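Visitor: Could you take me in for a close look at one part of this model? I'd like a single spot and whatever packs around it.

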Amino acid sequence: MARRMWPWLRTLGGLVILALLLWHVGSGALLDGLRRIDVATLLVAVGIGVLTTVCSAWRWCLVARGLGLRLPLGQAVADYYRALFLNAALPGGVLGDVHRAVRHGRAAGDVGNGVRAVVLERAAGQLVLLVVGAVVLAVQDSPVRAAVVGALTGPTAGWVLAALVVVGPAAVLVARARRRRAGAVDRTGGGWRAAVVEAGRAVAGRERWPGVVAASSVVLVGYVATFVLAARVAGVRAPAGELVPLVVLALLAMALPLNVGGWGPREGVAAWAFGAAGLGAAQGLATAVVYGVLVLAASLPGVGVLLVRRGARLRSARRGAREATGGGRRGGVLVGAADGRRR
């Protein structure tokens, strides 16, 4: 029951965030920013998207090979484009990744490692974003740094940390107790240890981690460039160096599970960060919404992948039906001729 309710709660959370933002800051700046999007801006966004998608697909290939799975780069790019479009078009923001994980796992004959490859690939990108974000906030003198430090060291953060310290071990103990009652035997010497070893082999191997870090860095630069482009379209004229810490915070917020196709927390954090930096919460909301439109435009090649593969499946099904029907007719003629000869 909880699993069925969770996707709906995620979607509802994202919608509530967007509704509260529009109620609080209004829609004037947002609509003005959307009206400023032109063909040239969309083409630039699509061009940046090509670079980030190819690098993301290459990162996926590296991780998959670390798990012993074959994944050609061309197939990875096509699957990644399809996943990006599904992530942007469907609630939750992760259904495209689920689809590419299961599809690749089935094609490789190992669904478990197919799923792990996608999870580790996305986790590697988030880790690079987190590290870069921490460095940027520590080095860059930005008004949001004091606000972030205050939020992380305030009483609310303390209560959250205390809850994690208590609930985390309790959850592990409950899970182990359930496995023992079910008669499950842990032959790996610890599920977490096995998972860490597997992740290290897939991502942190000497022949893979430089490529994973390089690909993730290029992807992050592309995301930041798209966000700065969105800010310019929305009418924000602050220097790019001043925008980078705000952009990093908004990108980190996209990892939160309460969203509608990626919308929700990103807009909320952008509005808060731009307001804290003195640029206006309305400008932050407009920038995040324009960014969402540009990302959706950059994912549109995924529609072509979906249509091409659907057409290929339909042609294959028709060919199979024709062969089955033709084979039956040929068989009937042969059988009839044989019966005539017997007569």
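Guide: Let's agree on one word before we go in: contact means heavy atoms within 4.5 Å. With that in hand, look at Thr287: leaving aside neighbours within four places in sequence, Thr287 is in contact with Phe227, Ala230, Ala231, Ala234, Val236 and Phe274. Keep in mind that this is a predicted model, where local features need pLDDT of at least 70, side-chain atom pairs count only at pLDDT 80 or more, and totals for chains, interfaces and linings use all residues. Residues are numbered from 1 along each chain as its sequence is written, and side-chain values use heavy atoms, with hydrogens and water left out.

Thr287 sits in helix 13; helices here are DSSP runs of H or I with at least four residues, strands are E runs of at least two, and both are numbered from the N terminus. Thr287 is buried, at a relative accessible area of 0%. Buried means under 20% relative accessible area, exposed is over 50%, and partly exposed is in between, using a 1.4 Å probe and protein chains only.

Now for the helix partners. The axes of helix 10 (residues 209-233) and helix 13 (residues 281-298) come within 8 Å and cross at roughly 120°. Axes are lines fitted to C-alpha atoms, for helices over the stretch in contact, and angles run from 0 to 180 degrees between N-to-C directions. That makes helix 10 and helix 13 oblique to each other, given that under 35 degrees counts as roughly parallel, over 145 as roughly antiparallel, 65 to 115 as roughly perpendicular and the rest as oblique. Helix 10 passes helix 13 in a right-handed crossing; the near helix is turned clockwise from the far one by less than a right angle in a right-handed crossing, anticlockwise in a left-handed one. On the helix 10 side the contact includes Tyr223, Phe227 and Ala230, and on the helix 13 side Thr287, Tyr291 and Leu294 are among the residues. By class, this contact has 10 nonpolar, two polar and no charged residues. The nonpolar set is Ala, Val, Leu, Ile, Met, Phe, Trp, Tyr, Cys and Pro, the charged one is Asp, Glu, Lys and Arg, and the others, Gly among them, count as polar.

Two residues of that contact also make a ring pair: Phe227 and Tyr291 are stacked, 4.3 Å centre to centre with 20° between the planes. Rings of Phe, Tyr and Trp (its six-membered ring) pair if their centres lie within 6.5 Å, with planes under 30 degrees apart called stacked, over 60 edge-to-face and the rest tilted. Phe227 is in helix 10 and Tyr291 in helix 13, so the pair ties together parts 64 residues apart in sequence. Phe227 is buried at 1% relative accessible area, and Tyr291 is buried too, at 2%.

Over on the helix 12 side (residues 265-276), helix 12 and helix 13 pack at about 145°, with axes 7 Å apart. This crossing is right-handed. Thr287 turns up here as well, in a contact that includes Ala270, Ala271 and Phe274 of helix 12 and Gly284, Ala288 and Tyr291 of helix 13. The class count is eight nonpolar, five polar and two charged residues.

Stepping back, the chain has 14 helices and zero strands, and 37% of its 343 residues count as buried.
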